[in-house]
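Reader: Hi! I am new to protein structures and would like to learn how to read one. Could you walk me through it step by step?

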Amino acid sequence: MSKAHPQQWTIHDDDHRPSAASVAALAQYPTTQIADSGGPVSVVGPGIVHQAGGRDFCGPALTVWTKPGDILFLLKAPDLAREGDVLVVDGGGRPDAAILGDIMSGALARIGAVGIAIDGVVRDVDGIDEIGLPVFARGVYPTTGSNEGPGAINVDVVLGGVAVHPGDVVRGDASGLVVVPREHVDDVVALTRAVDERERTWTAAMRDGAGLAEATGVDEVIRQRREAVGVHLP
Ligand SMILES: O=C([O-])CC(=O)C(=O)O
Ligand SMILES: [Mg+2]
């Protein structure tokens, strides 16, 4: 949990967002297939999970770093948000001071933000459920913390052990969160399409009567792995 950031007190408004078409292409695929793509994808560490609102979103990151438990720069963040954005907050994982609730979520929803991912805890879950904006965080806690800074907006942050740069694309669904660097979104879409096609082939084969092992070609993999480790069975 860091109480300082090299760019604390900074607010950037540069637009690093990838094209809406690239974001929409990535949004077609679930986090699981994106994570399986083998491309330059970060998987947000365990512990940051769905807390309130919807579950499904995909959009470029508007990043906030805040002193753990402080809400000053979260209150400013909606001024920098654009339609389609995902608010990503590095709150150092602090568990005993909520840094977002239904008032902030409502302000972001009105601007057209599509999701919120917080390395920290949140509150006002019922209100956020009513608003519907997906919120992922480490947990819930009823009291807020301080309102004095420092913080920073649109700087490099860490979410669940993963680096997030402003404009990187965050995809969330019921399985979790993945982050795709803004300059690699199209590459990851192409790699993920191949995963989807492979899974469709398996499903079609099983629909035609194949078992799981046959459909996935796993017998051949087991044979090769046995050979590799030098096990020779009849
Ligand atoms: O956690 C906080 O202080 C913010 C809050 O309650 C809200 O946005 O409704
Ligand atoms: Mg509140």
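Reader: Let me begin with a helix: what should the 12 residues of helix α8 span, at 1.5 Å a residue?

Author: Happy to help, and please keep in mind that this is a predicted model. The expected span is 1.5 Å times one less than the number of residues, so the 12 residues of α8 (residues 218-229) should cover 16 Å. Its end C-alpha atoms are 16 Å apart, which agrees.

Reader: How many of the 12 residues of α8 are buried?

Author: The count is 0, so to speak a helix that is hardly covered. Just after α8 comes G230, with a positive phi near 80°.

Reader: Is A213 buried or exposed?

Author: Here we count neighbours: a residue with 12 or fewer other C-beta atoms within 10 Å is exposed. A213 has 12 C-beta neighbours inside 10 Å, and therefore counts as exposed. You will find A213 in helix α7 (residues 212-216). Leaving aside neighbours within four places in sequence, A213 is in contact with V218 and D219. From A213 to G149 there are 64 residues in sequence and 56 Å in space, C-alpha to C-alpha.

Reader: Now the inside. Which residues touch the most other members of the largest nonpolar core?

Author: The general idea is that nonpolar side chains tend to be buried together in soluble globular proteins. In this model the largest nonpolar core has 56 residues, and V86, L87, V88 and A117 touch the most other members. Strand β3 (residues 57-66) gives the most to this core, with 6 residues. If you look beyond four places in sequence, the contacts of V86 include F57, L62, I116 and V170.

Reader: How is the chain divided into domains?

Author: There are two stretches to find: domain 1 (20-182) and domain 2 (189-229). Their C-alpha centres lie 34 Å apart. Domain 1 brings 10 residues to the contact, and domain 2 brings 5 residues. On the domain 1 side, α1 (20-27) and α2 (31-35) each supply at least two residues, and α1 has the largest share, 3 residues. That side of domain 1 divides into 4 nonpolar, 5 polar and 1 charged.

Reader: Last one: which residues are around ligand 1?

Author: Look for I71, A98, I99, L100, G101, D102, I103, M104, R123, D124 and T144. Sorted by type, this shell has 6 nonpolar, 2 polar and 3 charged residues.

Methods
Residues are numbered from 1 along each chain as its sequence is written. Chains are lettered from A and ligands numbered from 1 in the order in which they are written. This is a predicted model: local features need pLDDT of at least 70, side-chain atom pairs count only at pLDDT 80 or more; totals for chains, interfaces and linings use all residues. A nonpolar core is a set of buried Ala, Val, Leu, Ile, Met, Phe, Trp, Tyr and Cys residues joined through C-beta atoms within 7 Å. A residue is buried if 20 or more other C-beta atoms lie within 10 Å of its own, exposed if 12 or fewer, and partly exposed in between; C-beta atoms are placed from the backbone. Helices (H or I, at least four residues) and strands (E, at least two) are DSSP runs, numbered from the N terminus. Two residues are in contact if their C-beta atoms, placed from the backbone, lie within 7 Å. Domain bounds come from an automatic or database domain assignment. Ala, Val, Leu, Ile, Met, Phe, Trp, Tyr, Cys and Pro count as nonpolar, Asp, Glu, Lys and Arg as charged, and the others, Gly among them, as polar. A residue is near a molecule or strand if its C-beta atom, placed from the backbone, lies within 6 Å of it.
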